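Got the model open in your viewer? Here is a short walk through it, one selection at a time.

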Amino acid sequence: MNFTAFLSYVIITSITPGPSNILMMNEAKRFGFKGSLRFQIGIISGFITLGVVTSLLTTSLYQWIPIVEPYFRVVGAAYLLYLAWQIAFSKKSNNDDTYSKSSFFSGLIFQILNIKSILYFLTAMSAFVLPYHDSNASALFFMSLTILIGCTALLLWAAFGSAFKKIFIKYDKIVNTIMCFLLIYSAITIF
């Protein structure tokens, strides 16, 4: 296995915009880093759960991945386009009190159903790990590394949203347009 290629894939996929990253940033933009902590913990808990379950299933069902992956891609792209639509047509509000904070469980459930994250783990395991390593220890190491890098990227997006809150609010329409196009780009890159 080419470890550099694996790390490149995991880092680039983790740090590029995706539904979880954008939602983490948006929640931190609205309520600050501390104010959005419950949602962040929900997203991260869902990410870890998804990573473990997807990695175990990928290891167990490795021969079936080529059959089901195209369906995941279509559903994932459609979901990203739906999120882009929601962001593009969201209404600006100068009063954050009109928003309710997202809960731990909304973050957890959202992340477990996040097709981009499912594809992230599926691809990492099926393309970089399983063809070259057959031990459970190797699979556990690479799964843990993938989860760690992904969680770090999620927290960076939340910190970014919190740090630039005033700018994002001032240029709400521009920021939402950029986030919308980044989600559309994410949907296109799935294929």
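Start by selecting α6 (residues 115–129) and α7 (residues 136–163): these two helices cross in a right-handed way. (Right-handed means that the near helix is turned clockwise from the far one by less than a right angle, left-handed anticlockwise; helices are DSSP runs of H or I, at least four residues long, numbered from the N terminus.) You're looking at a predicted model, with residues numbered from 1 along each chain as its sequence is written. Local features need pLDDT of at least 70 and side-chain atom pairs 80 or more, totals for chains, interfaces and linings use all residues, and side-chain values use heavy atoms, with hydrogens and water left out.

Stay with this pair. The axes of α6 and α7 come within 11 Å and cross at roughly 140°. Axes here are lines fitted to C-alpha atoms over the stretch in contact, and angles run from 0 to 180 degrees between N-to-C directions. That makes α6 oblique to α7; under 35 degrees counts as roughly parallel, over 145 as roughly antiparallel, 65 to 115 as roughly perpendicular and the rest as oblique. Now show side chains: Tyr120, Phe121, Ala124, Met125 and Val129 of α6 meet Ala139, Phe142, Thr146, Ile147 and Gly150 of α7. Contact means heavy atoms within 4.5 Å.

Next, add α3 (residues 37–60). Against α7, α3 packs at about 160°, with the axes 10 Å apart. That makes α3 roughly antiparallel to α7, and this crossing is right-handed too. Among the α3 residues in the contact are Phe47, Gly51 and Ser55, with Thr146, Ile147 and Gly150 among those from α7. By class, the contact has 11 nonpolar, 5 polar and no charged residues. (Nonpolar covers Ala, Val, Leu, Ile, Met, Phe, Trp, Tyr, Cys and Pro; charged covers Asp, Glu, Lys and Arg; the others, Gly among them, are polar.)

Now hide α7 and look at α3 with α6. Their axes are 9 Å apart, at an angle of about 40°, and the two helices are therefore oblique to each other. Phe47, Gly51 and Ser55 are again among the α3 residues in contact, with Tyr120, Phe121 and Met125 among their partners in α6. The residues here divide into 7 nonpolar, 7 polar and no charged.

Time for the rings. How many aromatic pairs does a search of the whole structure find? The count is 12, where rings of Phe, Tyr and Trp (its six-membered ring) pair if their centres lie within 6.5 Å, with planes under 30 degrees apart called stacked, over 60 edge-to-face and the rest tilted. Select Phe6 and Phe128: they form an edge-to-face pair, 6.0 Å centre to centre, with 70° between the planes. Phe6 sits in α1 (residues 3–15) and Phe128 in α6, 122 residues apart. Phe6, at 0% relative accessibility, counts as buried, as does Phe128 at 17%. (Buried means under 20% relative accessible area, exposed over 50% and partly exposed in between, using a 1.4 Å probe and protein chains only.) To see the wider group, select Phe3, Phe6, Tyr9, Phe47, Tyr120, Phe121, Phe128, Phe141 and Phe142, which ring pairs link into a cluster.

Last stop: Tyr62, in the loop between α3 and α4 (65–88). Tyr62 is partly exposed, at 33% relative accessibility. Leaving aside residues up to four places away in sequence, Tyr62 touches Ser126, Leu130 and Pro131.
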